[in-house]
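Visitor: I am new to this structure and would like to be taken through it slowly. Could you show it to me, and then let me ask about one place after another?

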Amino acid sequence: MKDSSTTWLTSLARPEIAAMAPYRPASWEPTLVRLHANEMPWSGGSDGSGEGLNRYPEPYHDALDDDLAAFFGVDRGAAFATRGSDEGIDLLVRAFCRAGHDSVLVCPPTFGMYAAAAHIQGASVVSVPLVRDASAGASAGFRLDVEGVLAACSPSVKLVFLCSPNNPTGNLLDGAAVDEIVNRLSYRALVVIDEAYVEFAGTESYAARLRANSNVVVLRTFSKARALAGVRVGVILAAREVIDLARKVCPPYALPQLSIDAVRAAISETAVVAMHARLDTIREERARVAEELRASPKVVRVWPSDANFLLCEVVDAASAMSAARGAALLVRDFSTSTGLSNCIRVTIGTREQNDRLVEAWS
Ligand SMILES: *Cc1c(COP(=O)(O)O)cnc(C)c1O
């Protein structure tokens, strides 16, 4: 059932953003000659792309967004491509949080950009840490404190960021816990589910709930499983009202033509088939490397992972960091984050790279 009362979303936004008229860029009519945007009529001498980079790209890439909506299985108008999902996070915070008044809620240890975007906007950050369960076996991981999140959701909280699978802990959040938060914050706050790593988990995207829950926003990216970090494209999937607000905050021509083209190629059937083959390899390596690292005397614990990285608790983070560097490998030290003392995040690389890490930590 389509949630028909979505006007609450416009009221949740910053009033000045809700009220402002969108900026109107030069019109986009590719069949006509462009003498309306002060571009040069020829490609530049250094432009070997064959694209005609003398021309601006489509200002708000509507055609790409339509294709992305179909690709991610949401309604037309429910997808908006951004410069990485980092920009998606920033646009949401700027559209919904008034400086000095509003806040975002995060569940650390988690991705640092949510808090960074809030600080830049002058919004405050409410933290409700994930609950660390260090028991052996399948229940080990970092769980949502559902009651804690709901209790901390005062009216000033506009956005609740949930990351699933979570970076840097690697685990999916429990679906029933996410549902509970989404349902109880209905008509009160947006629940932003960052699915940067969902392809590695092989689970269904939460975007399937968009039609029923107008307070759900899903972030996807081309940077991780789709192997296009260099093109900087992410996607916001949300109710049309949320997309319209994000578009108002986003400058026109934000996505370079070469990035638009790269994403079009990445949503082709052949690219998707190739991605799935690579995902299988990453998952096999993830299991193999986790098992080998668990056998190392320098490793205390390898947390279960649904992503393309492993969070490892080591005996001594400083010496594990320098052992990795000694093998010309960069890994990321999270020992100063909430609940992560002596924890290091390791991305799954090629078999040879992974072997080098196992060797360095053996
Ligand atoms: C890597 C990452 C992103 C960022 O992605 P871009 O699309 O490259 O900006 C977003 N969220 C999480 C949790 C990430 O780990």
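Visitor: Which side chain is joined to that of Glu39 by a polar contact of 2.8 Å?
Guide: This is a predicted model, and the distances here are computed from it. Glu39 sits in the loop between α2 (15–19) and α3 (62–71), where the side chain of Glu39 makes a polar contact of 2.5 Å with the side chain of Arg34. Leaving out residues up to four places away in sequence, Glu39 touches Arg34, Asn54, Arg55 and Tyr56. From that group, the side chain that a polar contact of 2.8 Å joins to Glu39 is that of Arg55.

Visitor: Is Glu39 buried or exposed?
Guide: A residue is called buried when its relative accessible area is under 20%. The relative accessible area of Glu39 is 14%, so this residue of the loop between α2 and α3 counts as buried.

Visitor: Which residues come nearest to the ligand?
Guide: The shell around the ligand consists of 14 residues, and by class it has five nonpolar, five polar and four charged residues. Helix α4 (residues 84–96) gives the most to this shell, with three residues. Those that come nearest to the ligand are Ser85, Asp194, Thr221, Ser223 and Lys224.

Visitor: Which residue has a polar side-chain atom 2.5 Å from an oxygen atom of the ligand?
Guide: A nitrogen atom of the ligand lies 2.6 Å from a polar side-chain atom of Asp194, while an N or O atom in the side chain of Ser223 is 2.6 Å from an oxygen atom of the ligand. The polar side-chain atom that lies 2.5 Å from an oxygen atom of the ligand belongs to Thr221.

Visitor: How much of the accessible area that the ligand has on its own does the protein cover?
Guide: On its own, the ligand has 390 Å² of accessible area. With the protein in place, the part of that area which is covered comes to 94%.

Visitor: Where is Ser205, and which side chain does its own side chain meet in a polar contact?
Guide: Ser205 is found in the loop between α8 (198–201) and β8 (216–221), and its relative accessible area of 17% makes it buried. A polar atom of the side chain of Ser205 lies 3.0 Å from the backbone nitrogen of Ala207. Not counting residues up to four places away in sequence, Ser205 touches Glu195, Val218 and Arg220. The side chain that meets that of Ser205 in a polar contact, at 2.6 Å, is the side chain of Glu195.

Visitor: How many disulfides are there?
Guide: Two cysteine sulfur atoms count as a disulfide when they are within 2.5 Å. The sulfur of Cys343 is 8.3 Å from the closest cysteine sulfur, that of Cys312, and is therefore too far away for a bond; Cys343 is also buried, at 0% relative accessibility. By this rule the number of disulfides is zero.

Visitor: Which cysteine has the sulfur nearest to that of Cys97?
Guide: Cys97 counts as buried, because its relative accessibility is 0%. Cys97 is in no disulfide, and the nearest cysteine sulfur, 12 Å away, is that of Cys153.

Visitor: Which residues does Met275 contact, other than its neighbours within four places in sequence?
Guide: Met275 has its place in helix α11 (residues 269–294) and, at 7% relative accessibility, counts as buried. Once the neighbours within four places in sequence are set aside, the residues in contact with Met275 are Glu199, Ala225 and Arg226.

Visitor: Which residue does a cis peptide bond join to Pro165?
Guide: Most peptide bonds are trans. One cis bond, with omega about 0°, joins Pro108 and Pro109, and Pro109 lies in the loop between β2 (103–106) and α5 (113–121). Pro165 is found in the loop between β6 (157–163) and α7 (175–184), and the residue that a cis peptide bond, with omega about -5°, joins to it is Ser164.

Visitor: What is the phi of Tyr253?
Guide: Most residues other than glycine have a negative phi. Tyr187, in the loop between α7 and β7 (190–194), has a positive phi near 65°. Tyr253 lies in the loop between α9 (240–249) and α10 (257–266) and counts as partly exposed at 21% relative accessibility. Although Tyr253 is not a glycine, its phi is positive, at about 60°.

How values were computed. Residues numbered from 1 in each chain as written. Predicted model: local features only at pLDDT ≥ 70, side-chain atom pairs only at ≥ 80, totals over all residues. Heavy atoms only, no water. Near = heavy atom within 4 Å. Polar contact = N/O pair within 3.5 Å; in protein donor to acceptor, adjacent residues only side chain to side chain. Areas by Shrake-Rupley, 256 points an atom, 1.4 Å probe, with all protein chains shown as cover. Helix = DSSP H or I, 4+ residues; strand = E, 2+ residues; numbered from the N terminus. Nonpolar A, V, L, I, M, F, W, Y, C, P; charged D, E, K, R; others polar. Buried < 20%, exposed > 50% of the residue type's maximum accessible area, 1.4 Å probe, protein only. Contact = heavy atoms within 4.5 Å.
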